[in-house]
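The following exercises concern cysteine pairing, the strand arrangement, the nonpolar cores and one loop residue. Each task is followed by a solution in steps.

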Amino acid sequence: MKAVANPHRAKPKLVAEAPYPSIAAHRVAALLEHCPAAAETPLLDAASLATQAGISALWVKDERTRMNLGSFKALGAAYVIARHASDLSEMPDATTLRGRTYVTASAGNHGMSVAAGARVFGANAVIYIAETVPESFAIRLRDQGADVVREGADYAASMAAAAAAADANGWTLLSDSAWAGYTELPHILMEGYLQMAAEAVEQCPTVPTHIVLQAGVGGLATAVAAYARKVWGNAPTIIVVEPDAAPALQASIEAGKCVTTTGLDSIMGRLDCKEPSIIALNGLARDADWFVTMSDAAVSAMLPAMAQADLATTPSGGAGVAMVLTEQARAAVGIGADARVLCFLSEVAD
């Protein structure tokens, strides 16, 4: 476990060519009004885990049922595709985007969001997955109507293949990360995540003292952090949690620039991202207070207690809650007995 205080808090951008994240939650809410699957997800009072951690309150925003897709990422790529459809028609339907193809790489739930959004509006979806991705996930993608292509030994290789396919075929590359020269669509995608942040703000019985956010490339964390700062100002301490095998945001904060990390694969597979989104890096450098890494063993040790509290999830989905349950981590970032902590359970158990 390693905790790094953020020296860039409220200072200028780390990546000048990339924007800050959006805080326009009203745009997301207005579009979701037309989606019959877009029900609010619950904020759970995890009182038993708060007692275990010796804190005043632990609130968990439960994204496992989001839009029947099993994770918060239902709000991302599908939102981008819905925006494209609504730009073309006041009443978009299953024919609006006919003939358009969206392509991406995915090791998890982002691909499901691309596939579901494309299906609803009549577009095609092509999802590249690495050799290591389970066939069960490929089946889920095909059930959403996507074409699935296996290519590459890891996520980075499959993303390179997806980008090459987009260039070769005139398809729309829809990644959930942002890099130099590619920021427009991921900026819209992260805007979609504001919906869960806005719901959590309305659901919290009082202002949390701490917000703990797990991160891969950083989309969830930066959207929630940006909106929390808009509504609650400096009141909450915001903590970003990553696998120690993929400390891309923490390392970038320490370096003062976007860096690529290396390391072994983590069981927190959907957080196992070696390079951050440059939009997320800008937002979290401005808004987050701490960057904490957790080992696979430390997170795994807390999953049974979470399941016992009806919060069963994957290591990726529960990394933030696991940090709160870890005494050493709490002490490092100042989570004490009076703390009221907000976390996000980001995906359903496998």
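A disulfide is taken here as a pair of cysteine sulfur atoms within 2.5 Å. The model is predicted: local features need pLDDT of at least 70, side-chain atom pairs count only at pLDDT 80 or more, and totals for chains, interfaces and linings use all residues. Residues are numbered from 1 along each chain as its sequence is written, and side-chain values use heavy atoms, with hydrogens and water left out.

**Exercise 1.** Determine how many disulfides the rule yields, and examine C273 and C343.

Solution. Step one: the count comes to 0 disulfides. Step two: C273 is in no disulfide, since the nearest cysteine sulfur, that of C258, is 12 Å away. Step three: for C343, the closest cysteine sulfur is in C204, at 11 Å, which is too far for a bond. Step four: burial is assigned by relative accessible area (buried under 20%, exposed over 50%, partly exposed in between; 1.4 Å probe, protein chains only). C273, at 16% relative accessibility, therefore counts as buried, and C343 counts as buried at 0%.

**Exercise 2.** State the strand order of the sheet and identify the strands at its edges.

Solution. Step one: helices (H or I, at least four residues) and strands (E, at least two) are DSSP runs numbered from the N terminus, and two strands pair if DSSP finds at least two bridges between them. Step two: 4 strands form an open sheet in the order 6-5-4-7, with parallel pairing. Step three: strand 6 (147–150) and strand 7 (172–173) each have a single partner strand, so one side of each lacks a neighbour in the sheet. Step four: strand 4 (residues 101–105) and strand 5 (residues 124–129) run parallel and are joined by 5 bridges.

**Exercise 3.** Describe the largest nonpolar core and the contacts of L342.

Solution. Step one: a nonpolar core is a set of buried Ala, Val, Leu, Ile, Met, Phe, Trp, Tyr and Cys residues joined through side-chain atoms within 4.5 Å. Step two: the largest core has 89 residues, of which L174, L213 and L342 touch the most other members. Step three: helix 9 (residues 219–232) supplies the largest share of this core, 8 residues. Step four: contact means heavy atoms within 4.5 Å. Not counting residues up to four places away in sequence, L342 touches several residues, including W59, C204 and W232.

**Exercise 4.** Is M91 buried or exposed?

Solution. Step one: M91 lies in the loop between helix 3 (77–88) and strand 4. Step two: its relative accessibility is 69%, so M91 counts as exposed.
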